[in-house]
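Here are some exercises to work through with the model open beside you. Try each task on your own before you read its solution.

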Amino acid sequence: MRLIKELSIFSYVKYFSDIRISFSLTLDNKKLKTNKYEQPGNMNNVAEYININTHPIDSADFRTYCKQVLDENGVLKIDKFLTDEALDSVRREGESHAHLAYYTRAEHNVYLQPPDAEYDLSHARNRVVNSSKGCITTDQIPESSVLKNLYHSSAFKDFLCAVLDEDALYEYADNLSSVNLHYATAGQELGWHFDNSSFAITLLIQKPVGGGVFEYLGNVRDADAGEMNFEMVDKILNDEVQVNELAIDIGDLVLFRGRNALHRVTPTIGETTRMLVVLAYNTEPGVSLSESARQTFYGRLD
Ligand SMILES: O=C(O)CCC(=O)C(=O)O
Ligand SMILES: [Fe+2]
């Protein structure tokens with residue numbers, strides 16, 4: 001009884017439960033046989049936003065290479081994906097809309113599930129970590145934004161489908177969840193967790209002076225097999241295991257498979273806010289983020 005009551009704070013955690021996420025590996029462009037880029041009709045204006053000569057997203061060789069990296073490592077980082085101009089434009093939008101951000105703080109376990117009364121509070125299944133951040137939503141991002149153009153671009157979606165091995169990607173049916181800009185001010189962090197979704201797509205827009213580091217360890221659990229790996233989770237939470245650090249710079253695109261990879265973002269240090277875009281897609285049309293997740297995450301339903 002006592003256990004249930006104390007853990008009821010976890011009702012919060014829905015915050016993450018539909019959250020997309022993901023895992024790593026640096027793309028070494030030198031290994032690529034880059035073909036001369038030819039701009040096909042469907043590239044529209046995204047060719048203006050992406051450093052397309054170094055990242056020819058319509059090239060079969062480039063796609064194959066990216067898929068291989070993601071499959072082998074659980075993470076794909078494409079350095080300097082956005083041009084400096086596109087990056088600067090998103091950063092300015094982020095600054096001018098920062099006052100609209102909805103801030104949440106949650107205590108949750110690494111599984112982003114309600115607590116399990118079968119286990120003690122101090123057990124890996126129920127151990128609590130903290131997450132806090134601000135967020136602006138699809139409807140608060142201008143239609144003319146680089147982010148919306150990129151998100152809806154068929155050239156970009158075709159590239160993502162090829163790399164993620166999906167047939168199609170769809171926007172969320174609600175008007176909040178597709179394109180989010182996250183803000184982590186001084187002291188804000190994302191505690192250790194596994195994602196519920198099988199992939200996440202992010203773009204770092206502004207880097208803090210210190211902290212804000214993405215740390216991860218792959219293949220910790222096997223969600224589909226129901227293997228929780230409490231022992232390793234405990235060790236990671238106790239700082240007894242060496243984890244990986246993904247060195248993300250501004251303008252980098254990251255595709256991450258975080259369902260079985262434990263990961264976190266360390267607290268922001270200093271007055272420069274960490275700004276990160278999450279591009280969230282569904283693999284089926286007409287899907288909305290759950291009401292409870294929207295309420296917790298955005299403070300409203302539409
Ligand atoms: O902020 C990041 O780099 C990762 C975000 C993340 O893990 C999540 O939103 O679940
Ligand atoms: Fe995550």
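**Exercise 1. Find the residue that stands opposite threonine 202 in strand S14, then describe the setting of strand S7.**

Solution. Keep in mind that this is a predicted model.

- Step 1: Look across from threonine 202 into S14, and you meet valine 278.
- Step 2: Follow the pairing outward from there. S7 and strand S14 (residues 274-279) are antiparallel and are joined by five bridges.
- Step 3: Turn to the pairing with strand S11 (residues 253-256), which also runs antiparallel to S7, through four bridges. Here isoleucine 201 faces leucine 255 of S11.
- Step 4: Check burial along strand S7 (residues 200-206). Six of its seven residues are buried, so the strand is largely enclosed by the rest of the structure.

**Exercise 2. Work out which strands stand at the edges of the open four-stranded sheet, and why one side of each is left without a neighbour.**

Solution.

- Step 1: Write down the strand order, which is S6-S12-S9-S10 with antiparallel pairing.
- Step 2: Read off the edges. Strand S6 (190-193) and strand S10 (244-246) each have a single partner strand, so one side of each has no neighbour in the sheet.
- Step 3: Add the twist, which averages 20 degrees from one strand to the next.
- Step 4: Zoom in on S6, which pairs with strand S12 (residues 262-265) in the antiparallel sense over two bridges. Leucine 190 has valine 265 of S12 as its bridge partner.
- Step 5: Look for a residue distant in sequence from leucine 190. Arginine 105 is 85 residues away along the chain, with a C-alpha to C-alpha separation of 9.6 Å. Arginine 105 belongs to strand S3 (residues 102-108). It is exposed, because the count of other C-beta atoms within 10 Å is 11 and the exposed class takes 12 or fewer.

**Exercise 3. Describe the largest nonpolar core and place valine 163 within its surroundings.**

Solution.

- Step 1: Start from the core itself, which has 72 residues. Among those with the most contacts inside it are Leu76, Val163, Leu255 and Val277.
- Step 2: Ask which element gives the largest share. That is helix H7 (residues 154-164), with six residues.
- Step 3: Locate valine 163, which is part of helix H7. It counts as buried because it has 24 C-beta neighbours inside 10 Å.
- Step 4: List its contacts beyond four places in sequence: Arg63, Cys66, Lys67, Leu70, Leu76 and Leu255.
- Step 5: Compare with a general tendency. In soluble globular proteins, nonpolar side chains tend to be buried together.

**Exercise 4. Find out where lysine 80 and aspartate 239 lie, and classify each as buried, partly exposed or exposed.**

Solution.

- Step 1: Take lysine 80. Its phi is near 45 degrees, a positive value in a residue other than glycine.
- Step 2: Place lysine 80 in the loop between strand S2 (74-78) and helix H5 (84-96). With 17 other C-beta atoms within 10 Å, lysine 80 is partly exposed.
- Step 3: Take aspartate 239, a residue other than glycine whose phi is also positive, near 65 degrees.
- Step 4: Place aspartate 239 in the loop between helix H8 (230-237) and S10. Aspartate 239 counts as exposed, with 8 C-beta neighbours inside 10 Å.

**Exercise 5. Decide how the buried residues of helix H9 are arranged around its axis.**

Solution.

- Step 1: Name the buried residues of helix H9 (residues 291-298), which are Ala293, Arg294, Phe297 and Tyr298.
- Step 2: View the helix down its axis. The buried residues of H9 fall within an arc of 100 degrees, so they line one face.
- Step 3: Recall the geometry behind such a pattern. An α-helix has 3.6 residues a turn, so residues three or four places apart point the same way.
- Step 4: Step just past H9 to glycine 299, which has a positive phi of about 75 degrees.

**Exercise 6. Work out which residues have a pLDDT below 50 and how they should be read.**

Solution.

- Step 1: Begin with the whole chain. Its mean pLDDT is 87, and 85% of its residues reach 70 or more.
- Step 2: Pick out the low stretch. The pLDDT is below 50 over residues 1-42, a stretch with 103 contacts in the model beyond near neighbours in sequence.
- Step 3: Apply the usual caution. Where pLDDT is low, the predicted coordinates should not be read in detail.

Key. Residues numbered from 1 in each chain as written. Chains lettered and ligands numbered in written order. Predicted model: local features only at pLDDT ≥ 70, side-chain atom pairs only at ≥ 80, totals over all residues. pLDDT = per-residue confidence, 0-100. Contact = placed C-beta atoms within 7 Å. Core = buried A, V, L, I, M, F, W, Y, C linked by C-beta atoms within 7 Å. Buried ≥ 20, exposed ≤ 12 C-beta atoms within 10 Å, placed from the backbone. Pairing = 2+ DSSP bridges. Axes fitted to C-alpha atoms, helices over the stretch in contact; angles between N-to-C directions. Arc of directions from axis to C-beta.
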